[in-house]
Amino acid sequence: RPRVLSGIQPTSGSFHLGNYLGAVRQWVSLQDTHDAFYMVVDLHAITVPQDPAVLRENTRVSVAQLLGVGLDPDRCTLFVQSHVPEHAQLAWLMNCLTGFGEAARMTQFKDKSAKQGSDATTVGLFTYPILQVADILLYQAEQVPVGEDQRQHVELTRDLAERFNHRFGETFTVPQPYILKETAKIFDLQDPTVKMSKSASSPKGLVSLLDEAKVSAKKIKSAVTDTDTVIAYDEKEKPGVSNLLAIYSAISGRSVAELVEHFEGKMYGALKTELAEVFVEWVTPIQQRVNLYLDDPAELDRVLAKGAEKARAVAAPVLATAYDRIGFLPPV
Ligand code: TYM
């Protein structure tokens with residue numbers, strides 16, 4: 001079975017629709033065909049300030065959510081990044097192989113740091129993509145299921161894997177991004193030209209999985225569309241309508257073409273109302289399952305202990321090989 005690895009930040013507790021449709025939904029289906037490793041990346045979260053109690057709680061909520069949407073610890077390895085110390089260790093090696101200018105070209109870093117002053121931007125945020133490189137290479141992942149915004153980080157991973165292999169001998173698998181075209185980028189409901197994101201979206205443009213379903217339904221019903229009336233998929237001319245169709249299609253499993261036919265002759269209001277209903281029906285049982293997991297902290301701990309053990313069993317020998325190749329004296 002080919003190996004996949006991916007991660008998600010615990011930063012805001014609730015995942016949003018972009019996270020789910022762009023990445024996590026694929027994680028669930030890949031469990032059956034791939035040797036899958038998924039983690040909550042708490043090391044990445046502290047690249048911006050975090051309240052310790054809130055971080056701890058959000059990490060638990062993130063794990064419960066991943067279980068609630070269908071990750072099964074018997075079919076995948078689910079763990080918390082900080083439970084596997086090899087991530088930080090391999091990241092150091094990767095830091096020492098990355099050019100300063102190369103890291104400075106990462107667009108997510110440029111965007112995020114541009115919004116803050118340079119003293120508010122941590123060095124951790126700068127090296128964030130390099131920690132992600134280590135995450136992926138530690139597991140010899142062949143594919144990395146993510147949204148479009150992570151493509152550049154997977155490219156960096158490929159470059160660094162090749163660089164290491166070239167300098168020190170064949171060590172790391174060079175991974176491919178696994179990005180589904182239809183849901184690679186889910187857009188803000190209020191501004192369908194920018195991606196849905198916890199940091200940049202307006203509250204009305206962001207649909208959170210754990211918000212009260214009524215609240216999300218209302219956001220969907222007030223989504224921005226355009227002044228035309230025909231329900232059709234056209235990302236350029238009809239970004240708002242196309243976004244709603246993409247979301248509807250992914251949640252319901254019905255193709256966009258089928259939905260366009262279904263809505264022929266109907267107004268935008270019909271699309272929004274129906275999608276709001278479909279969303280509520282879909283999210284309600286998920287929320288119930290998430291709550292069951294949150295009510296059972298002992299079970300969550302058990303899942304994470306097992307996940308960390310399985311992850312370390314893969315990560316430790318890969319790190320040991322990398323240490324050896326780079327010329328570190330073996331410990332005696
Ligand atoms: P994060 O936590 O920002 O997002 C988690 C996943 O959600 C995807 N995503 C989207 N997809 C489509 N449309 C959107 N609007 C949207 N917003 C977010 C992201 O592409 C991502 O796949 N750096 C990563 C976490 C990470 C990681 C890794 C991923 C750390 N180590 C190793 C893969 C492999 C991040 O911040 O994701």
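Thr77 sits in strand β3 of this predicted model. Is Thr77 buried or exposed? Thr77 is buried, because its relative accessible area is 3%, under the 20% limit for that class. Beyond its sequence neighbours within four places, Thr77 touches Ala36, Phe37 and Tyr38. Thr77 also contacts Gly307, Lys310 and Ala311.

Thr77 also helps line an enclosed space, the second largest cavity. Pro73, Cys76 and Leu78 are in that lining too. So are Val303, Lys306, Gly307 and Lys310. Two elements, β3 (77–80) and α13 (297–326), each give at least two residues to this lining. Which element gives the largest share? It is α13, with 4 residues. Gly307 and Lys310 thus appear twice: as contacts of Thr77 and as lining residues of the second largest cavity.

**Cavities and pockets**

How many cavities of 30 Å³ or more does the whole structure hold? The search finds 2. The table sets them beside the two largest pockets.

| Space | Volume | Lining by class |
|---|---|---|
| Largest cavity | about 60 Å³ | 4 nonpolar, 2 polar, 1 charged |
| Second largest cavity | about 30 Å³ | 4 nonpolar, 2 polar, 2 charged |
| Largest pocket | about 1300 Å³ | 18 nonpolar, 21 polar, 9 charged |
| Second largest pocket | about 370 Å³ | 9 nonpolar, 4 polar, 5 charged |

The largest cavity is lined by Gln108, Phe109, Lys112, Leu125, Tyr128, Pro129 and His153. Helices α6 (107–115) and α7 are the elements that contribute two or more residues to it.

The largest pocket has a volume of about 1300 Å³. Its lining counts 48 residues, and those closest to the centre are Gln108, Lys112, Asp149, Gln150 and Lys195. Elements giving two or more residues to this lining are β1 (3–8), α1 (17–30), α2 (42–45), α6, α7 and β4 (143–145). Gln108 and Lys112 recur here: they line the largest cavity and are among the residues closest to the centre of the largest pocket.

The second largest pocket holds about 370 Å³. Of its 18 lining residues, Lys181, Glu182, Tyr233, Glu235 and Ala246 are closest to the centre. Helix α10 (residues 239–252) supplies the largest share of that lining, 6 residues.

**An annotated residue in α7**

Which residue does UniProt list for "binding site"? The unreviewed entry gives Asp135. Asp135 lies in helix α7 (residues 123–137). Asp135 is buried, because its relative accessible area is 2%, again under 20%. Setting aside neighbours within four places in sequence, Asp135 is in contact with Leu5, Met39 and Val41. His44, Gln81 and His87 complete that list of contacts.

**A two-sided helix**

Helix α9 (residues 213–221) has the buried residues Ala213, Ser216, Ala217, Lys219 and Ile220. Why do they fall on the same side of α9? Because they cover an arc of only 160° around the axis. This buried set packs against α12 (268–294). Lys214 and Lys218 are exposed, on the face of α9 turned away from the buried side. Lysine therefore occurs in both groups: Lys219 among the buried residues, Lys214 and Lys218 among the exposed ones, with the limits set at under 20% for buried and over 50% for exposed.

Conventions
Residues numbered from 1 in each chain as written. Predicted model: local features only at pLDDT ≥ 70, side-chain atom pairs only at ≥ 80, totals over all residues. Heavy atoms only, no water. UniProt positions renumbered as here; feature names shortened; annotations may be inferred. Buried < 20%, exposed > 50% of the residue type's maximum accessible area, 1.4 Å probe, protein only. Contact = heavy atoms within 4.5 Å. Arc of directions from axis to C-beta. 1 Å grid on protein atoms, 1.4 Å probe; cavity = no way out; pocket = protein on both sides within 12 Å on 5 of 7 lines; lining within 4 Å. Points joined across faces, edges and corners; volume = space filled by probe spheres on them. Nonpolar A, V, L, I, M, F, W, Y, C, P; charged D, E, K, R; others polar.
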